[in-house]
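This briefing looks at the spaces inside one protein model, then at its ligand site and its overall fold. Please read it with the structure open.

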Amino acid sequence: MSNQEFLHRSLAAVWHPCTQMKQHETLPLVPIARGEGVWLHDFDGRRYLDAVSSWWVNLFGHCNPRINAALKDQLDKLDHVMLAGFTHQPVVELSERLSRLSGLGHCFYGSDGASATEIALKMSFHYWRNSGRPAKTRFVSLQNGYHGETVGALSVTDMALFKGTYAPLLRQSAQVPSPDWRLAAPGESAEGFALRCAAALRTHLEQHHDETAALILEPLVQGAAGMGMYDAEYLRQARAICDEFEVHLIADEIAVGFGRTGTMFAHEQAGIKPDFLCLSKGITGGYLPLSVVLTTDAVYQAFYHDDTARGFLHSHSYTGNALACRAALAVLDIFGQDKVIEANRSRAAFFNRTAAPLKVHPRVENFRNMGMIWAFEVADAAPGFARKFFEEGLKRGLLLRPIGNTVYFMPPYVISEEEIRLLVSGTLEILENL
Ligand SMILES: *Cc1c(COP(=O)(O)O)cnc(C)c1O
């Protein structure tokens, strides 16, 4: 089959996510026939370096031999069984290992990131209700935060483009200033700005703690906001303020978990523990949909009761899917066997050396890096910049999807030195020509 043939069939049959479909009249879909490592191959022999890890989910490359082997083995044992009333080896082992890694437990599974957000919001609210505090029904989140696009998750997301249309469907939540250091005053340090934003959170909770169940945030990096990075001091302050006002802290590590920021979980860098930890995206190495919410013994115990309705009566059909859990176990094995967190430190150091010309490029602003994420803004970006950059990337065999005028790299952790050079030189070339 050729690319062309396939495109017609796809456009006739598939409604694509986050897309005004009419734009595909002029912007061709990219048909992918197979993947290998950081590369995606189309039907006509062209290949694209997946520099955004297929929307931030891929960790160890496409068709990773070790994850493939684990899944093939699991396929002959157990595909799926309902998790209400039943249990199985991959889900137990994964829960034990995630618990050891995070110091939290009682893993409650969902399928996508947004379902993890829904679970955390409902659980927090229900905890307070079970604890005799039924007035705590409100949530607070950071400006420019992103937590998914189902109705509950969207209500704590702060992105006008995704949210505006659906506003009448959504329950109001409060937003407090984002510590993203791009928003700091001239001359203000990232830490100073974090402290100023934490003071605003304190002021908000002083007034609203009685009705607030939880603060939800993306630790260290606000991904959808354009990889907005902030000082870990904000998390330490937020933890202390939430404790003081009896408000839960929900860490949405759907994008930043699993080593993305340089530690297994981003909140570790602040030396804090959240009350709820939401994980998804990288959890299966980008293979299968799976999400999980981990929480504290105190939360778990508040639901443990003779009364059925005090339990957490929430479910998704594919909760704890055995294949997805087995992929996640293979991912954790790779983290251990390859000492991935350490190896990524030297990979990131090489990336930064190679990207030095980008950092000093006259059109590049706010060049930043945390762990395995790089981002910068492009000065005087023309209208339609993101789309043009994407198209220019494809011409050079690079899959790059800027967010507005923010170009970012979030590559799989198996990217080689040669591939890093290709990525940086291709990006420089686009900057010269766009
Ligand atoms: C992607 C993302 C989500 C939503 O996950 P989906 O799997 O797309 O529903 C939630 N929060 C953050 C921080 C994300 O990056």
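The largest cavity has a volume of about 40 Å³, where a cavity is a set of points on a 1 Å grid over the protein atoms alone at which a 1.4 Å probe fits but cannot get out, and a volume is the space filled by probe spheres set on points joined across faces, edges and corners. This is a predicted model, in which local features need pLDDT of at least 70 and side-chain atom pairs count only at pLDDT 80 or more, while totals for chains, interfaces and linings use all residues. Residues are numbered from 1 along each chain as its sequence is written, and side-chain values use heavy atoms, with hydrogens and water left out.

**Cavity**
- The structure holds one cavity of 30 Å³ or more.
- Lining residues, which have an atom within 4 Å of a point, include Trp56, Ile254, Ala255, Lys281 and Tyr413 for the largest cavity.
- By class, that lining has six nonpolar, three polar and three charged residues, with Ala, Val, Leu, Ile, Met, Phe, Trp, Tyr, Cys and Pro counted as nonpolar, Asp, Glu, Lys and Arg as charged, and the others, Gly among them, as polar.

**Ligand site**
- The residues around the ligand, each with a heavy atom within 4 Å of it, include Trp56, Ile254, Ala255 and Lys281, which also appear in the lining of the largest cavity.
- The shell around the ligand comprises five nonpolar, three polar and four charged residues.
- Among the polar contacts (pairs of N or O atoms within 3.5 Å), a side-chain N or O atom of lysine 281 lies 2.6 Å from an oxygen atom of the ligand.
- Backbone N or O atoms also approach ligand oxygen atoms, at 2.8 Å for glycine 113 and at 2.8 Å for alanine 114.
- Taken alone the ligand exposes 380 Å², of which the protein buries 83%, with areas from the Shrake-Rupley method and a 1.4 Å probe.

**Second largest pocket**
- A pocket is an open set of points with protein on both sides within 12 Å along at least five of seven lines, and the second largest has a volume of about 350 Å³.
- Its lining divides into eight nonpolar, three polar and no charged residues, including Phe108, Met123, Tyr300 and His314.

**Overall fold**
- The C-alpha atoms of the chain fill a box of roughly 60 × 60 × 45 Å, taken along the principal axes.

Notes: A polar contact is a pair of N or O atoms within 3.5 Å; within protein, one must be able to donate a hydrogen and the other to accept it, and residues adjacent in sequence count only if both atoms are side-chain atoms.
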